[in-house]
Amino acid sequence: MPMPEAKPDAGKVDLSGEIPVSGGEPGDTLGPIAPSRLPCIDAHIHVDLYPEEEQDALLRQAFEHGVEAVIAVSMDLASSVRTRELALRYLGRVHPAYGFHPEQEPPSEGEREELFDWIRERHRAGEAFAIGEVGLPYYKRTEVEAGGGSFDETPYLTLLESFVALAAELDRPIVLHAVYEDADKACELLAIHGVKKAHFHWFKGSTRTLDRMAEAGYSISVTPDIAYEHEIVEVVKRYPLRLIMAETDGPWPFDGPYKGQPTVPAMARESAIGIASVKGLDVSETAETLLRQTRTFYNL
Ligand SMILES: [Zn+2]
């Protein structure tokens, strides 16, 4: 999520009705392919941030509607524990990532050690997982700086470097929240530790940074805001399709055509539709490509 401190009210997710997908109207560009048939993995969602009593319905409905799997990221140790429980309940469908979201106060050294010990335990047990969501507090930092304050980024950089080193040590993919100039700092850490499997979720940044990331072979993912954010359209135009995945970052709410709709995993299809449209490619082939890349990246 871009700004968890301004945590959206996920609201009451109405899971009883139709899933909110667009593009299925007669005469649209999808031709005979119904959007609900498009292959789809949501490459980044915070399942544990939905109201607890709605999580099972959210996932069950997603899988019933053809979502093949979700990559469920975590905010901290407690969130990682909850995400693991979901992953055990939906084996092969909910793929967990364990980490500490950067847009919050950094953990104490004791808390950090506890989280790292717990992650290493999962590794020793041979469990499937990625490292994430980790990164740098772009929104928190720029908010403080815009108010004339100074922001000490050092503890966040130290924490991120320890996660990058952990990803290298355990040979796991890493999910990054690092946008604009913060992505360059993350790229440096990834290079130092030789981490190749990096996924910059909901990426925004300069063309220079994008080219650097593409050169390094890092992946990005795109949310449904591609339908109304010019900046995202430009990112997708420039970035190679072979390094793109589709995500929702749910329960983060979207604007534009999705205003007022609860965010559900099947909306990753909206990202796929947007990516195909920007790239001028066939929708179902693009969706297949995105899905295949997500499977490969996360070893699903
Ligand atoms: Zn997120």
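# Briefing: helix α9 and its surroundings

Helix α9 is largely enclosed by the rest of the structure, because 9 of its 12 residues are buried. The model is predicted. The protein has 10 helices and 8 strands. Of its 300 residues, 46% are buried. Among contacts with a separation of 6 or more, 77% link residues 24 or more positions apart.

**Confidence**

- Average pLDDT for the protein is 91, and 88% of the residues score at least 70.
- Residues 3–33 are a weak stretch in these terms: pLDDT stays under 50 there.
- For residues 3–33 the model has 53 contacts beyond four places in sequence.

**Helix α9**

- Helix α9 covers residues 268–279, and at 1.5 Å a residue its 12 residues should span 16 Å.
- The C-alpha atoms at its two ends are 17 Å apart, which agrees with that expectation.
- Its buried residues are A268, R269, E270, S271, A272, I273, G274, I275 and A276.
- These buried residues pack against two helices, α8 (230–238) and α10 (283–298).
- They also pack against strands β1 (40–45), β7 (219–222) and β8 (244–246).
- Just after α9, G280 has a positive phi of about 65°.

**V278, a partly exposed position in α9**

- V278 lies in helix α9.
- V278 has 18 other C-beta atoms within 10 Å, so it counts as partly exposed; the cut-off for buried is 20 or more.
- Beyond its neighbours within four places in sequence, V278 is in contact with I226, V233, V236 and K237.
- K237 is 41 residues away from V278 along the chain, yet their C-alpha atoms are separated by 6.3 Å.

**Nonpolar core**

- The largest nonpolar core has 80 residues.
- C40, V70, I131, I174 and A272 touch the most other members of that core.
- A272 is also one of the buried residues of α9.
- Leaving aside neighbours within four places in sequence, C40 is in contact with A268, R269 and A272, among others.
- Other contacts of C40 include G66, V67, E68, A246, A266, A287 and L291.
- In soluble globular proteins, nonpolar side chains tend to be buried together.

**Helix α1**

- Helix α1 spans residues 52–64, and its buried residues are Q55, L58, L59 and A62.
- These residues cover an arc of only 90° around the axis, which puts them on the same side of α1.
- An α-helix has 3.6 residues a turn, so residues three or four places apart point the same way.
- E53 and E64 are exposed on the other side of α1.
- Cover for the buried residues of α1 includes β2 (67–72), α2 (77–89) and β3 (94–98).
- G66, just after α1, takes a positive phi of about 90°.

**Strands β6 and β7**

- Strands β6 and β7 run parallel and are joined by 2 bridges.
- H199 has S219 in β7 as its bridge partner.
- S219 and S221 point one way from β7, while I220 and V222 point the other way.
- All four of these β7 residues are buried.
- In a regular strand the side chains alternate between the two faces of the sheet.

**Backbone exceptions**

- Most residues other than glycine have a negative phi, and most peptide bonds are trans.
- The G132 to E133 peptide bond is cis, with omega near 10°.
- E133 sits in strand β4 (residues 130–135).
- The G250 to P251 peptide bond is also cis, with omega near 5°.
- P251 is in the loop between β8 and α9.
- D249 is in the loop between β8 and α9, and its phi is positive, near 55°.
- D249 counts as buried because it has 27 C-beta neighbours inside 10 Å.
- W202 has a positive phi as well, near 45°.
- W202 lies in the loop between β6 (198–200) and α7 (207–216).
- W202 is buried, with 20 other C-beta atoms within 10 Å.

How values were computed
Residues numbered from 1 in each chain as written. Helix = DSSP H or I, 4+ residues; strand = E, 2+ residues; numbered from the N terminus. Expected span 1.5 Å × (residues − 1). Contact = placed C-beta atoms within 7 Å. Arc of directions from axis to C-beta. pLDDT = per-residue confidence, 0-100. Core = buried A, V, L, I, M, F, W, Y, C linked by C-beta atoms within 7 Å. Pairing = 2+ DSSP bridges.
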